[in-house]
Amino acid sequence: MTTASKPNLLDPITPLWWGTIVLRWMTLAFALGAVIVHFDEYRNLALAWGAWAAMVVWSIVTTAAFVRVRTRYAGLVVADVVVTCGIMLLSPLALSEYQFAITAPLLTTVWASVAPLTAGSRFGAVGGAIGGLIVAVSTGVARWKFDLDVARDGLLLLASGTIVGMAATTARRSQAVVSRALRAEAATAERERLARSIHDSVLQVLARVRRRGAELGGEAAELAKQAGEQEIALRALVTSEPLGPSDGNADLRAALGVLATSRVQVSGPASEVRLPADTVDELLTAVKEALSNVDKHAGEGAKAWVLLEELTDEIVLTVRDDGPGIPEGRLEAAAEEGHIGVAQSIRGRLAELGGTARLDTAPGAGTEWEMHLPRPVDLRRTTR
């Protein structure tokens, strides 16, 4: 079933709930008319009036609950279906044989159609369909037969619950998308404000230190190099997306962007690459390990490139450097000596995520890591 553990405090389907409330009272009035019209035909008139009185009480209870978002409890919606079916199943005790012969309305009449709608509003399409099916079966049991009329009523109950459920699910998903977009817009505005402030102060100072240090040379040149790297990292940080949105996903492109320095170039798609936040953390750690290996073994002058590719059903991460490469047999020798090393660590991380990591290196040809990770089905792109 498509449902949340609790109703949203700003439930986008409130108009649907109000629709079920209005329909419940309209159908209750119809049920009263049915009792009046068939007044002289009932086997047990007192039971018929008692059933209608129970429907009034239950309509008051559900109305009081469903008008407020906080009290649209799942248990109450289930009880709505149960109570509706329970009153309906009293029909054989109240209706006469003549009424059954002329297919007179059951005690609940069209009032019974509301329960599947509330189930769809609360639980989505599957919940609405189940609610409609239960009421439809109860209709057949109450009449002790299955004919065209019963089949028609059952189909309408099933369809109405399903359609309302689909509408409710679509409305909730749309609200979630709009909420994320508004949060992203607010975050972007705040980052732009911070970026302007930093550009006017910190970044200008770092840029001046970098230029002046390069002119002086010596130890000042080394400080200038470090200032340049911090300038690049700070620029990437203030222009990146937040790493931990409230929906449990994060933007891998933004996470990788903060790794950019004067020696590391990061490239990726123009749009976000969203993955579960813990997956983003693991991939970011794997890339950091590969870059750390470049710092340790490729030399001070080596450069590295990080490329992020977003395919339809997988993510491809490539980390390449222009260092001296790894001599043939060195990794195997390290493994025999009991050293797990960066290579096994990266492969292990990708394996735990359900992906693969391939190392391509040779003396004088640099080192290249290519990591493949399947995208979660619910985050795959349908178009390219």
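Trp144 occupies the loop between α6 and α7. In this predicted model, its phi is positive, about 55°, although Trp144 is not a glycine. The residue counts as exposed, because its relative accessibility is 69%, and the cut-off for that class is over 50%. A second non-glycine residue with positive phi is Thr109, where the angle is near 45°. Thr109 is placed in the loop between α5 (97-101) and α6. Unlike Trp144, which is exposed, Thr109 is buried, with a relative accessible area of 14%.

Helix α6 spans residues 114-143, and helix α7 spans residues 148-199. Gly140 belongs to α6. Its relative accessible area is 15%, so Gly140 falls under the 20% limit for a buried residue. The C-alpha atom of Gly140 is separated by 6.1 Å from that of Val150. Along the chain, these two residues are ten residues apart.

Charged side chains also feature in this region. Asp149, Arg152 and Asp153 are linked in a network of salt bridges. Within that network, the side chains of Arg152 and Asp153 meet at 3.3 Å, N to O. Both partners are partly exposed: Asp153 has 30% relative accessibility, and Arg152 has a relative accessible area of 44%.

A nonpolar patch lies on the surface. It is formed by Leu89, Leu133, Val137, Val141 and Leu158. Together these residues present about 400 Å² of accessible area. Helix α6 gives the most to the patch, with three residues. Leu158 lies in helix α7. At 32% relative accessibility, Leu158 counts as partly exposed.

The UniProt record, an unreviewed entry, places the feature "transmembrane region" at residues 16-39, 46-67, 73-91, 123-142 and 154-171. Two of these spans were examined for extent and secondary structure. For residues 16-39, the end C-alpha atoms lie 34 Å apart. That span is 92% helix and 0% strand. For residues 73-91, the end C-alpha atoms lie 28 Å apart. Here the helix content is 84%, again with 0% strand.

Aromatic contacts were searched across the whole structure, and two pairs were found. The rings of Trp17 and Phe66 have centres 4.9 Å apart and planes at 50°, so this pair is tilted. Trp17 lies in helix α1 (residues 14-37) and Phe66 in helix α2 (residues 45-66), so the contact ties together parts that are 49 residues apart in sequence. Both rings belong to buried residues: the relative accessible area is 0% for Trp17 and 1% for Phe66. The other pair joins Trp49 and Trp52, with ring centres 6.3 Å apart and planes at 90°, so its geometry is edge-to-face. These residues are three apart in helix α2, which means that about one helical turn separates them. Trp49 is partly exposed, at a relative accessible area of 31%.

A contact between a charge and a ring is found at Trp305. The charged end of Arg320 sits over the ring of Trp305, at 4.6 Å from the ring centre.

In total, the structure holds ten salt bridges. One of them joins Glu282 and Arg349, whose side chains meet at 2.8 Å, N to O. Glu282 is in helix α11 (residues 277-297) and Arg349 in helix α13 (residues 341-352), so the bridge ties together parts that are 67 residues apart in sequence. Glu282 counts as partly exposed, at 26% relative accessibility. Arg349 is also partly exposed, at 22%.

Another salt bridge links Asp251 with Arg253. The closest N and O atoms of this pair are 3.3 Å apart. The two partners fall into separate accessibility classes. Asp251 is buried, with a relative accessible area of 0%, whereas Arg253 is partly exposed at 26% relative accessibility.

How values were computed. Residues numbered from 1 in each chain as written. Predicted model: local features only at pLDDT ≥ 70, side-chain atom pairs only at ≥ 80, totals over all residues. Heavy atoms only, no water. UniProt positions renumbered as here; feature names shortened; annotations may be inferred. Helix = DSSP H or I, 4+ residues; strand = E, 2+ residues; numbered from the N terminus. Patch = residues over 30% accessible without salt bridge, like charges linked within 9 Å, V, L, I, M, F, W, Y side chains within 5 Å. Areas by Shrake-Rupley, 256 points an atom, 1.4 Å probe, with all protein chains shown as cover. Salt bridge = Lys/Arg side-chain N within 4 Å of Asp/Glu carboxyl O. Buried < 20%, exposed > 50% of the residue type's maximum accessible area, 1.4 Å probe, protein only. Phe/Tyr/Trp six-rings, centres within 6.5 Å; stacked < 30°, edge-to-face > 60°. Lys NZ or Arg CZ within 6 Å of the ring centre and 35° of its normal.
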